[in-house]
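Let's practise reading a protein structure together. Keep the model in view and try each task before you look at its solution.

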Amino acid sequence: MNGRVTNLNLPCFTDDFIIGINKNKTHCLTGEFHLSLFELEFLNYLNLRNNDFKSIHSSLDRKNLSLDNNTYGSEKNRKIFWVAWSSICLRKEYGGLGVRQLREFNCSLLGKWCWRMLVVREGFWYRVLVAHYGEEAGRLEDGGRSGSCWWKDLVKIRDGLGDVGGGWFAERVSKRVGDGSSTFYWYDRWLGDVPLRTQFSRLFDLANNKLCTVADMCALGWEVSGEAWSWRRRLWAWEEEMVVECSHFFSNVVLQTGVPDRWQWDPDIGGGYTVSGAYHILTAQSDPPDVWLNDLVWHKQVPLKVSIFAWRLLRDRLPTKLNLVRRGLLNVEAASCIAGCGHDESTTHLFLHCDTFGLLWQSIRSWLSVEGVEPYDIIDHFYQFIHYTGSSKKRTSFLQLIWILSVWVVWNERNIQTTIDQLLEKVKFHSFWWLKAHNFVYGSQRWWSDPFLCLGID
Ligand SMILES: [Zn+2]
């Protein structure tokens, strides 16, 4: 979904964000916005009310998100935190739902401004900023206390002081020197991993000409005895050694006359800064967990809300009776399985081992003529069900759909007096419609008797 916003109150809390206490760090932004259908549908699924960006924030504050699926007991108004917000926000390949992380997304947007401040200096907006805040060594001044919230957040990102990702911006932006005329020798990162004023901070303190460009320094002579070195006082012997070390850096530098210096975004030297690229960097995890598990719940023919349900199920985050007891929302006595089998309604019981609901797997296996054991653990069950020996990709994909659908049907039908045959009918019916929606050519009769044939799977 794309659109044009004329007035979007976008919360911005790159630093010490406190809701409703003393800061209202929201900024009005205008511009393009892009929400994927997934995000839109997911937000819809969460039943967020208008203006609920803020409640997402407060959820962030509590580090949890309440999913609206509380169907038990008298405490309907009490919020239950079934899934940690941080898990929901993890990118899909890391096992999360990939819901956009507002804090990181906000930083990527602000980073775009930092990038523009470097590369688009002829614009009117830049001149306004220069007039307002002043400029030194090609950098806008931070404005001290008079800066707006937006400006302060932006400066923090530019200077690597924000609490998201630290110096993620400054560390990845560098100057590619051509003729050296617009690169500030001490301030810009043009040689090595940090600016020279950081690497040789002692010399920087002592230098008379802190605002020299690379071209100036080269013209004056930056070899050890060159005129480029002008100090506030005589150097000590060890400081002289630093100059030698520093000038070694330039022994291979050759300036190219007529070639302008330019900024580059190190992660994408040709393309430059993009919001999505920066967001990717800010949300990258060093160690993606359960990648295969995560892949299993997403299926292009399974409705999103059903996949999300499966995602919660595999993490034991459904409001089963036992989970409600664990959270103090249901009395222990009320935890028994609705089928009257005498066991507590835990996730594994309800979906696998119940004398009633557990029988659905047998029915499904006989419908599909697929044999197999029923592992005790729910994740093992899912995995073994779909990875039938020697199974093709198409077959795996189909069994994946059936498994997700079956647990979905059990969950929704468990409180109604439904027989196993009726549950199986529902699985047949829904799978038919989910697949029919994607150019399925056979009629339901055929589907009822031999789904593999209909799908052209051996
Ligand atoms: Zn039971």
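Three exercises with worked solutions follow.

This is a predicted model, in which local features need pLDDT of at least 70 and side-chain atom pairs count only at pLDDT 80 or more, while totals for chains, interfaces and linings use all residues. Residues are numbered from 1 along each chain as its sequence is written.

**Exercise 1. Find which helix gives the most to the largest nonpolar core.**

Step 1: Begin with the whole chain, which has 21 helices and eight strands. Helices (H or I, at least four residues) and strands (E, at least two) are DSSP runs, numbered from the N terminus.

Step 2: Learn what a core is: a set of buried Ala, Val, Leu, Ile, Met, Phe, Trp, Tyr and Cys residues joined through C-beta atoms within 7 Å. A residue is buried if 20 or more other C-beta atoms lie within 10 Å of its own, exposed if 12 or fewer, and partly exposed in between, with C-beta atoms placed from the backbone.

Step 3: Look at the members. The largest nonpolar core has 37 residues, and those touching the most other members are Ala310, Ile402, Trp403, Ile404, Val407, Trp408 and Val410. Helices that each supply at least two residues include α13 (304–314) and α18 (393–413). With twelve residues, α18 gives the most.

**Exercise 2. Decide how α13 and α18 are oriented to each other.**

Step 1: Recall that two packed helices are described by the angle between their axes and the distance between the axes.

Step 2: Read both values: the angle is about 85° and the axes are 10 Å apart. Axes are lines fitted to C-alpha atoms, for helices over the stretch in contact, and angles run from 0 to 180 degrees between N-to-C directions.

Step 3: Angles under 35 degrees count as roughly parallel, over 145 as roughly antiparallel, 65 to 115 as roughly perpendicular and the rest as oblique. The two helices, α13 and α18, are therefore roughly perpendicular.

**Exercise 3. Is Pro303 buried, exposed or partly exposed?**

Step 1: Locate Pro303 in the loop between α12 and α13.

Step 2: Count its surroundings. Pro303 is partly exposed because it has 16 C-beta neighbours inside 10 Å.

Step 3: Now turn to the helix after this loop. In α13, eight of the eleven residues are buried, among them Phe309, Ala310 and Trp311.

Step 4: Finish with a partner far along the chain. Leu405 is 102 residues from Pro303 in sequence, yet their C-alpha atoms are separated by 9.8 Å.
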